[in-house]
Amino acid sequence: MARAIAHIGTTDFKTTIEVAGRTVIADEPPDNGGQDAGLAPYDLLLASLSACTAITLRMYAERKQWPLEAAEVSLHFYREDGAEIIDRKVRFTGPLDDAQVKRLLDICERTPVTLTLKNGLMINTRLAD
């Protein structure tokens, strides 16, 4: 499945991530002591969820041959009363009927990243060789 390697040196919090043959830079904003050289970790999490949602919607609409011209996925992560919450809002463009919109909203709840986050996952940590 997916693999990533992150490397951080002594330059504040700038982190280089190698994933799928690409390099991504992560950092913290200045108010957290970073240089804002890249996306913060929770920004990357939201980027992953929003991209997975949009891609899954496009795949589903194409498979069904529905007239989805565009989808916009807006996410907001926050904490409230000890709970961590992501609010997701989606906007569809195209002549979709009410049943299609309802089904696409249902598909949002079944994207791979959505299911991983909702179901939780095991994280095993050990010292590398």
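Is Gly9 buried, exposed or partly exposed? In this predicted model, Gly9 has a relative accessible area of 47%, so it counts as partly exposed; the exposed class begins only over 50%. You will find Gly9 in the loop between strand E1 (4-8) and strand E2 (15-19). Between Gly9 and Ile123 there are 24 Å in space, C-alpha to C-alpha, and the two are 114 residues apart in sequence.

Let us follow the chain from there. The loop between E2 and strand E3 (22-26) holds Ala20, which has a positive phi of about 55° although it is not a glycine. Most residues other than glycine have a negative phi. With a relative accessibility of 62%, Ala20 counts as exposed. Asp36 also has a positive phi, about 60°, and is not a glycine either. Its place is the loop between E3 and H1, and its relative accessible area of 51% makes Asp36 exposed.

Next comes helix H1 (41-64). How far apart are the end C-alpha atoms of H1? They are 35 Å apart, which agrees with the 34 Å that the 24 residues of H1 should span at 1.5 Å a residue. Several residues of H1 are buried, among them Leu46, Leu49, Ser50, Cys52 and Thr53; Thr56, Leu57, Tyr60 and Ala61 of H1 are buried too. It helps to recall that an α-helix has 3.6 residues a turn, so residues three or four places apart point the same way. The cover over the buried residues of H1 includes strand E4 (70-80), strand E5 (83-93), H2 and H3.

One of these partners deserves a closer look. H1 packs against helix H3 (residues 112-119) at an angle of about 130°, and their axes are 7 Å apart. That angle makes H1 oblique to H3, because it lies above the perpendicular range of 65 to 115 degrees and is not over 145. On the H1 side, the contact is made by Leu45, Ser48, Leu49, Cys52, Thr53 and Thr56; H3 brings Pro112, Val113, Thr114 and Leu117. Sorted by class, the contact of H1 with H3 has six nonpolar residues, four polar ones and no charged ones.

Now to the interior. The largest nonpolar core has ten residues in all: Leu57, Tyr60, Ala61, Trp66, Leu68, Phe92, Leu96, Leu104, Ile107 and Cys108. Helix H1 and helix H2 (98-108) each supply at least two residues of this core. Apart from it lies another core, of five residues, which include Leu49, Val73, Leu75 and Phe77.

Right after H1 comes Gln65, which has a positive phi, near 60°. A little further along, Leu68 lies in the loop between H1 and E4. Is this loop residue, Leu68, buried or exposed? Its relative accessibility is 6%, so Leu68 counts as buried; the cut-off for buried is under 20%. Leaving aside neighbours within four places in sequence, Leu68 is in contact with Leu57, Arg58 and Ala61, and also with Phe92, Thr93 and Leu96. Of these, Leu57, Ala61, Phe92 and Leu96 belong, like Leu68, to the largest nonpolar core. Leu68 and Ala47, for their part, are 21 residues apart in sequence and 21 Å apart in space, C-alpha to C-alpha.

Key:
Residues numbered from 1 in each chain as written. Predicted model: local features only at pLDDT ≥ 70, side-chain atom pairs only at ≥ 80, totals over all residues. Heavy atoms only, no water. Core = buried A, V, L, I, M, F, W, Y, C linked by side-chain atoms within 4.5 Å. Buried < 20%, exposed > 50% of the residue type's maximum accessible area, 1.4 Å probe, protein only. Helix = DSSP H or I, 4+ residues; strand = E, 2+ residues; numbered from the N terminus. Axes fitted to C-alpha atoms, helices over the stretch in contact; angles between N-to-C directions. Parallel < 35°, antiparallel > 145°, perpendicular 65-115°, else oblique. Contact = heavy atoms within 4.5 Å. Nonpolar A, V, L, I, M, F, W, Y, C, P; charged D, E, K, R; others polar. Expected span 1.5 Å × (residues − 1).
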